[in-house]
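Good morning, colleagues. Please bring up the sequence and the model on your screens, and I shall take you through the fold and the ligand site.

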Amino acid sequence: MTIRLDQTMIERFREDGFLSFDTGLSERDIAALRETLAKLHNENIGFEEGALFDAMGVDDGSTPARFPQILHPRSFAPELIGNGFYQLARGIAEQILGGDVRFKADISLMKPARIGDATPWHQDEAFQDPAFDYEEISFWLALQPVDKSNSCMAYVPGSHKGPVLPHGFPGGDPRIHALECIDGFDPRDAVFCQIPAGGCVIHVGRTVHGAGPNTTDRERMAYVLIFDRVPVPAKVQRHFPWLSQHKTARAKRELEWRRHGGILVHLWRQRTRVRITSVRTLLFDVRRAARAVRRVVTAD
Ligand SMILES: O=C(O)CCC(=O)C(=O)O
């Protein structure tokens with residue numbers, strides 16, 4: 001299944017840094033994605049290895065999670081990317097970023113009924129290594145209708161044209177995975193994207209975005225696919241001080257798991273990203289793998 005964005009939509013996306021559209025996926029496809037992801041969450045899949053975590057709590061399992069997420073859920077349910085969503089997202093990513101895009105990641109985002117927390121304003125790029133420049137697009141697929149009552153996404157138009165803004169931690173607590181943008185934008189400018197099930201909203205890594213809490217009786221679920229081009233060394237030197245202060249239980253679990261043999265599983269899973277046809281991509285991925293191994297050997 002493929003769809004093309006028309007020129008007006010692409011221009012709007014470049015101007016605003018986000019865009020919503022209908023994927024045309026069938027109710028059956030959406031229900032299948034929702035069911036697969038709900039099962040992974042209900043079975044606590046990936047907790048030990050740091051793939052499942054609570055993005056808005058201290059994540060030690062002592063309280064109900066307020067924003068559980070699963071990184072790379074396709075590792076546990078490969079059928080997720082056999083779905084039409086992957087194909088159509090890839091086609092649009094190629095249309096916007098060019099033929100050499102690669103699949104970077106998938107994420108399952110769940111906001112539990114009534115206690116699902118707000119997503120703080122942030123830029124995705126604030127999580128990344130500042131030594132590189134990035135070009136990436138996230139495809140956020142709604143697995144039920146979303147509006148302000150159940151945490152639809154909200155974006156600050158044009159915010160992607162500026163730099164990465166200063167970030168900190170919600171409540172000043174560096175144990176919390178989520179980052180919060182603390183300056184340089186006005187949340188009153190935000191546009192709320194209320195979309196139906198099967199609606200999708202895309203954004204780039206620098207667009208300031210967030211979402212309200214889920215105040216309804218049903219979980220709000222979304223499935224995200226991220227496509228990017230190989231990052232290049234940053235043109236301007238930057239420093240993201242929040243990265244070295246971040247001390248999450250998720251990262252600790254991941255490190256322990258990798259130290260106990262999980263690194264081999266991790267490297268095996270990453271193989272699908274390696275493109276031997278592009279030397280630049282290959283070198284980037286080899287360096288990244290070497291960094292992951294070094295971290296397992298040296299980190300305390
Ligand atoms: O689903 C949410 O509330 C936040 C999602 C998000 O920040 C993202 O997809 O980059």
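How many helices and how many strands does the protein have? There are six helices and 15 strands. I should say at the outset that this is a predicted model.

Let me begin with the overall dimensions. The radius of gyration of the protein is 18 Å, and a compact globule of 300 residues would have a value near 19 Å, so the two agree. Along the principal axes, the C-alpha atoms fill a box of roughly 45 × 45 × 40 Å. Of the 300 residues, 35% count as buried. The chain also makes contacts across long sequence separations: among contacts between residues at least 6 apart in sequence, 84% join residues at least 24 apart.

I turn now to the sheets. Seven strands form an open sheet, in the order 1-12-7-14-4-3-2, with antiparallel pairing. At its edges stand strand 1 (18-22) and strand 2 (52-54), each of which pairs on one side only. From one strand to the next, the twist averages 20 degrees. Helix 2, residues 27-42, packs on this sheet and touches strand 3 (68-71), strand 4 and strand 14. The direction of helix 2 makes about 100 degrees with that of strand 14.

Within this sheet, I would draw your attention to strand 7. Are its residues mostly buried or exposed? Seven of the seven residues of strand 7 are buried. Both of its faces are covered, with E136, S138, W140 and A142 on one side and I137, F139 and L141 on the other. As a general point, side chains in a regular strand alternate between the two faces of the sheet.

Which strands pair with strand 7? Strand 14 does so in the antiparallel sense over seven bridges, and strand 12, residues 199-204, is joined to strand 7 by five bridges, again antiparallel. S138 illustrates both pairings: its bridge partner in strand 14 is I226, while its bridge partner in strand 12 is H203. Strand 14 is also joined to strand 4 by nine bridges, and these two strands run antiparallel. There, the bridge partner of I107 is V224 in strand 14.

There is also a sheet of four strands. This open sheet has the order 5-13-8-11, and its pairing is antiparallel. Strand 5 (119-122) and strand 11 (191-193) each have a single partner strand, so one side of each is left without a neighbour in the sheet. The twist here averages 25 degrees from one strand to the next. Strand 8, residues 153-155, pairs with strand 11 over three antiparallel bridges, and Y155 stands opposite V191 in strand 11.

With the sheets in place, we may consider the ligand. Which residues surround it? The shell consists of L109, T119, D124, S138, W140, S151, H209, A211, A222 and V224. By class, five of these residues are nonpolar, four are polar and one is charged. Strand 7 (136-142), strand 13 (209-211) and strand 14 (220-228) each supply at least two residues of the shell. Two residues from the earlier discussion therefore return here: S138 and V224 both belong to the shell around the ligand.

Another member of the shell, S151, has a backbone feature worth inspecting. S151 lies in the loop between strand 7 and strand 8 and has a positive phi of about 70 degrees, although it is not a glycine. Is S151 buried or exposed? With 24 other C-beta atoms within 10 Å, S151 is buried, because 20 or more are required for that class.

R114 also has a positive phi, of about 65 degrees, and is likewise not a glycine. R114 is found in the loop between strand 4 (102-111) and strand 5. It has 12 C-beta neighbours inside 10 Å and therefore counts as exposed.

Finally, I come to I176, in the loop between strand 9 (167-168) and strand 10 (180-181). I176 is buried, with 23 other C-beta atoms within 10 Å. Leaving aside residues up to four places away in sequence, I176 touches M56, G57, V58, F169 and P170. The C-alpha atoms of I176 and F284 are separated by 29 Å, and these residues are 108 apart along the chain.

Technical notes
Residues numbered from 1 in each chain as written. Predicted model: local features only at pLDDT ≥ 70, side-chain atom pairs only at ≥ 80, totals over all residues. Near = placed C-beta within 6 Å. Nonpolar A, V, L, I, M, F, W, Y, C, P; charged D, E, K, R; others polar. Rg over C-alpha atoms; globule rule 2.2 N^0.38 Å. Contact = placed C-beta atoms within 7 Å. Pairing = 2+ DSSP bridges. Axes fitted to C-alpha atoms, helices over the stretch in contact; angles between N-to-C directions.
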